Amino acid sequence: MAMLEVKDLEVFYGMIQAIKGVSFEVNEGEVIALIGANGAGKTTILHTITGLLSPKKGTVLFEGKDITKIPAHKIVSLGMAHVPEGRRVFAQLSVYQNLKMGAYTRKDKDEIEATLQTVYKRFPRLEERKNQLAGTLSGGEQQMLAMGRALMSHPRIILMDEPSMGLSPILVNEIFDIIQSVSASGTTVLLVEQNAKKALSIADRAYVLETGNIVMSGDAEKLMNDDSIKKAYLGE
């Protein structure tokens, strides 16, 4: 059984159909990349999975449970975390307060503290800046904070939306190293990313989205070497 299963998803914005019968699955322990041009519908799919949007048709199953109509805050407590596009940190709160917000569904203080220390270990800069207002961090640090905040919920799967957006090449490499280490520690990853080359380099499998449809899928390495993918998404 797949950890996450999306079946025949259709999503509309008013009269406009954004997602046209999309189906895919994510197995436990995988890094799955969802790639495609701007406006292809990648973010819409993540928002629908996490309960921020309601589909017109289709179902979303998480660990065999239908979560299609479950509100977003309850989905987090089931073990799914979302790192939104554009980071969305709480600018007027400190780094520490932002991280604690990520653990709002959890009750055990000792376990929360243990997770906090793990996050600090993975993102030493967040510990250095724990008392700093999140709005004063650099773009790369805010991205780390958004990832750290999601990890505070101790998720079984983490959905990341454009984590490399607006970052320098060095920081992009650092963020992708962190995504790999998150995966290696046992968290399943669904990655939406415009930097197709980088996404395919760390993914196990990938799905290619064009105007609300999945047009290709398969082993990430094979897709990386596919001529049509190279031409359309890898600039080769």
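This report describes the sheets, helix packing and pockets of one predicted model.

## Basis of the model

The model is predicted, so local features need pLDDT of at least 70 and side-chain atom pairs count only at pLDDT 80 or more, while totals for chains, interfaces and linings use all residues. Residues are numbered from 1 along each chain as its sequence is written, and side-chain values use heavy atoms, with hydrogens and water left out.

Helices (H or I, at least four residues) and strands (E, at least two) are DSSP runs, numbered from the N terminus. Two strands pair if DSSP finds at least two bridges between them. Strands of a sheet pair through backbone hydrogen bonds, either parallel or antiparallel.

## The four-stranded sheet

One open sheet has four strands in the order 2-1-4-5, with antiparallel pairing. Strand 2 (16-26) and strand 5 (65-66) are at its edges, and each has a single partner strand, so one side of each has no neighbour in the sheet.

Strand 1 (residues 4-13) runs antiparallel to strand 2 and is joined to strand 2 by eight bridges; Val11 has Ile19 of strand 2 as its bridge partner. Strand 1 also pairs with strand 4 (residues 57-62), in the antiparallel sense and over five bridges. Here Lys7 is matched with Thr59 of strand 4 as bridge partner.

Strand 4 and strand 5 are antiparallel and joined by two bridges, and Phe62 has Lys65 of strand 5 as its bridge partner. These two strands form a hairpin with two residues between them, and Glu63 in the turn has a positive phi of about 50 degrees.

## The six-stranded sheet

The other open sheet described here has six strands in the order 6-7-8-3-9-10, and its pairing is mixed. Strand 6 and strand 10 (213-219) stand at the edges with a single partner strand each, so one side of each is left without a neighbour in the sheet. On average, neighbouring strands of this sheet are turned by 15 degrees against each other, direction ignored.

Within this sheet, strand 3 (residues 31-35) pairs with strand 8 (residues 188-192) in the parallel sense over four bridges. Leu34 stands opposite Val192 in strand 8.

## Helices on the sheet and against each other

Helix 7 packs on the six-stranded sheet and touches strand 3, strand 7 and strand 8, with its direction at about 150 degrees to that of strand 8. Helix 1 (residues 42-49) lies across strand 3, strand 6, strand 7 (157-161), strand 8 and strand 9 (205-210), and runs at about 145 degrees to strand 7. Axes are lines fitted to C-alpha atoms, for helices over the stretch in contact, and angles run from 0 to 180 degrees between N-to-C directions.

Helix 6 (residues 139-151) packs against helix 7 (residues 169-184) at an angle of about 10 degrees, with the axes 10 Å apart. The two helices are therefore roughly parallel to each other (angles under 35 degrees). In their contact (heavy atoms within 4.5 Å), helix 6 supplies Gly140, Gln143, Met144, Met147 and Leu151, and helix 7 supplies Leu171, Glu174, Ile175, Ile178, Ile179 and Val182. By class, the contact has eight nonpolar, two polar and one charged residues. Ala, Val, Leu, Ile, Met, Phe, Trp, Tyr, Cys and Pro count as nonpolar, Asp, Glu, Lys and Arg as charged, and the others, Gly among them, as polar.

## Pockets

A pocket is found on a 1 Å grid over the protein atoms alone, as an open set of points where a 1.4 Å probe fits, with protein on both sides within 12 Å along at least five of seven lines; lining residues have an atom within 4 Å of a point. Grid points are joined across faces, edges and corners, and a volume is the space filled by probe spheres set on the points.

The largest pocket has a volume of about 540 Å³. Its lining has 20 residues, and Val76, His82, Pro84, Tyr104 and Arg149 lie nearest its centre. Helix 2 (72-78), strand 6 (80-83) and helix 6 each give two or more residues to this lining, and helix 2 has the largest share, four residues. The lining divides into twelve nonpolar, six polar and two charged residues.

The second largest pocket has a volume of about 280 Å³. Helix 4 (residues 109-122) gives the most to its lining, with four residues. This lining has three nonpolar, six polar and two charged residues.

Key: Angles under 35 degrees count as roughly parallel, over 145 as roughly antiparallel, 65 to 115 as roughly perpendicular and the rest as oblique.
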